[in-house]
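Here are my notes on the model you sent over. They run as numbered points, so you can follow along with the structure open.

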Amino acid sequence: MNKHFCTDKDFFKNYFRLAVWLIIQQAIVLSVNLLDNIMIGSYSENALAGVTIINQIHFVYQGLLDGLVTGMVVLGSQYWGKKDGESIKKLAPTGFYLALAFSLLMFLIAAIVPNGLVGLFTKDPEVITQALEYLNVIKWSWLFFAVTMFLLATMRGIGSASIAVIVSVISLFVNAGGNYILIFGHFGAPELGSAGAALATTTARVLEMFIVAFYVFRLDKKLCLKIKDVFTPHFENIGRYMGVAAPILIAEGSFCCGNAAQSVVLGNLSTTALAANSISTSLYQLVKVMAIGASNAAAVCMGQVVPRGKEYAVKCANSLQIIFIAVGIVVAAVLYILRIPILNMYNVSPETRELADQFIKLLCIIGFCMSYQMSCNCGITRGGGDPRFVMYVDLICIWLIVIPLSFLAAFKFNWSPIAIMLCLNIDQIIKIIPASIKVNSHTWYRDLTVEKENEEKR
């Protein structure tokens, strides 16, 4: 056992501590989104449709932004494994300026061509009006959100995830309170509808940024990052940073496109299939946070152990794979057990209930596969220093398999809803093969900090 697996209690203590914090954060963030939908949905159906459209745009924005700042997680965790905080500080301005520049670009697009942006998703005049009201306010939050995402990524790289949970809880209450007051016009406030929801979210984003900034620059005693460190450019790091961030950015972009394609395919299914998908996906997204937390924690922990040598890193990777399989079993079991009580909460037709039950049973298999492959690819492989492999796998699976197969199944062959659902998620099963081969061949191992030192010597 000692020859092939890690027996270091500190490694597992660090991993599980980080995983739990990240799982809680993901659950809270999901609760914020769900609460937004419930409250705006109780106000107006058109308002809900308009907000949903902008949330799809925000999903793409957040995915691409996450790809940019994850460079701080991968490189930062490896430097932190060497206790080299100064290199992280020199790397920080690159991540900060890139995140801010990208958010400014998105802001300008939303400000200059808002009708064109919204028109990509709907032609309904009422829905467009509601979407534009929401977009005109929410676009301001993107600039503050970029700073928050960058700072949280920096903290995650050094293993500090508790602040993300704290700020998410505060955001939940601020957003909920703001929604209640501004959407419906309570306590003497004007009834703003979708614009009120956007204002509440923007207020929460501004508060998030100031809380996280105060923690990072004043309270954190691990990295001790200062404001001047963030604003002092080190242009020599741009190429190396993008060498890590670009593959992640491309992979996240492909993932977002894949989700957009899902919206197109599912939007053309029957009302029964759409309702069943909404029920099953809501439950799946909630349970999925366990796998996301396990994956994100693995990326940080693997980055931190890479500087300790390949032999030790491989042992940690072997042990983590067992944990990933266990997480997959838990995800599948929870989905299967919860499906009946959750379905009983909905007042739907017997046909919708039966199809939703079939969807959830399929997602049990998908969830197990996703828990292993995502944690191996985005956790071990990406954190261990090889984000390009994950990019190639995502590009091939999404563009050459999922999208063409799903469109053929839905529009050419008219397959059943359960078969189309399988096509939309088939990549989660396929990715197990390259993920397992890559992780167990140990070719993911790359000490990016040593590569930098070699470059400087040359």
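1. A word on wording before Tyr-215: I say two residues touch, or are in contact, when they have heavy atoms within 4.5 Å. Also keep in mind throughout that this is a predicted model. With that settled, Tyr-215 touches Met-155, Ser-160, Ile-163 and Asp-220, once residues up to four places away in sequence are set aside. Tyr-215 sits in helix α8. Its relative accessible area is 19%, and the cut-off for buried is under 20%, so Tyr-215 counts as buried. If you want a distance for orientation, the C-alpha atoms of Tyr-215 and Gly-383 are 25 Å apart, with the two positions 168 residues apart along the chain.

2. On to the core. Which residues touch the most other members of the largest nonpolar core? They are Tyr-15, Ile-54, Leu-65, Met-302 and Leu-320, out of 127 residues in that core. Helix α2, residues 45-81, supplies the largest share of this core, with 16 residues. As background, nonpolar side chains in soluble globular proteins tend to be buried together.

3. Leu-320 deserves a click of its own. Not counting neighbours within four places in sequence, Leu-320 is in contact with Phe-11, Tyr-15, Ala-298, Met-302 and Ile-380. Tyr-15 and Met-302 are themselves among the core members that touch the most others.

4. Gln-304 is a polar residue to look at next, in helix α11, which covers residues 271-305. Is Gln-304 buried or exposed? Buried, because its relative accessible area is 14% and the cut-off for buried is under 20%. Leaving out residues up to four places away in sequence, the contacts of Gln-304 are Asn-14, Ser-77, Gln-78, Trp-80, Gly-81, Gly-157, Ile-158 and Gly-159.

5. Next, the pairing of helix α13 (residues 350-383) with helix α16 (residues 432-441). Their axes come within 9 Å and cross at roughly 40 degrees, so α13 and α16 are oblique to each other. The crossing is left-handed. On the α13 side, the contact uses Cys-369, Tyr-372, Gln-373, Cys-376, Asn-377, Ile-380 and Thr-381. The α16 side brings Ile-432, Ala-435, Ser-436, Lys-438, Val-439 and Asn-440. Sorted by type, the residues of this contact are seven nonpolar, five polar and one charged. Ile-380 from α13 is also one of the contacts of Leu-320.

6. Staying with α16, Ser-441 belongs to that helix. Ser-441 is partly exposed, at 35% relative accessible area. Ser-441 and Tyr-43 lie 54 Å apart, C-alpha to C-alpha, and 398 residues apart in sequence.

7. How do α14 and α15 run relative to each other? Their axes come within 8 Å and cross at roughly 165 degrees; over 145 degrees counts as roughly antiparallel, and α14 and α15 are therefore roughly antiparallel. α14 passes α15 in a right-handed crossing. From α14, the residues that meet α15 are Cys-397, Ile-401, Val-402, Leu-405, Ser-406, Ala-409 and Ala-410. They meet Ile-420, Cys-423, Leu-424, Ile-426, Asp-427 and Ile-430 in α15. The residues of this contact divide into eleven nonpolar, one polar and one charged.

8. Phe-411 is also part of helix α14, which spans residues 387-412. Phe-411 is partly exposed, with a relative accessible area of 40%. Apart from residues up to four places away in sequence, Phe-411 touches Val-264, Val-265 and Asn-268. The C-alpha atoms of Phe-411 and Leu-269 are 9.8 Å apart, although 142 residues separate the two along the chain.

9. Finally, two backbone spots to check. Most residues other than glycine have a negative phi. Lys-83, not a glycine, has a positive phi of about 55 degrees. Lys-83 lies in the loop between α2 and α3 and counts as exposed, at 63% relative accessibility. Cys-224 also has a positive phi of about 55 degrees without being a glycine. Cys-224 is in the loop between α8 and α9, and with 30% relative accessible area Cys-224 is partly exposed.

Conventions: Residues numbered from 1 in each chain as written. Predicted model: local features only at pLDDT ≥ 70, side-chain atom pairs only at ≥ 80, totals over all residues. Heavy atoms only, no water. Core = buried A, V, L, I, M, F, W, Y, C linked by side-chain atoms within 4.5 Å. Buried < 20%, exposed > 50% of the residue type's maximum accessible area, 1.4 Å probe, protein only. Helix = DSSP H or I, 4+ residues; strand = E, 2+ residues; numbered from the N terminus. Axes fitted to C-alpha atoms, helices over the stretch in contact; angles between N-to-C directions. Parallel < 35°, antiparallel > 145°, perpendicular 65-115°, else oblique. Left-handed = near helix turned anticlockwise from the far one by under 90°. Nonpolar A, V, L, I, M, F, W, Y, C, P; charged D, E, K, R; others polar.
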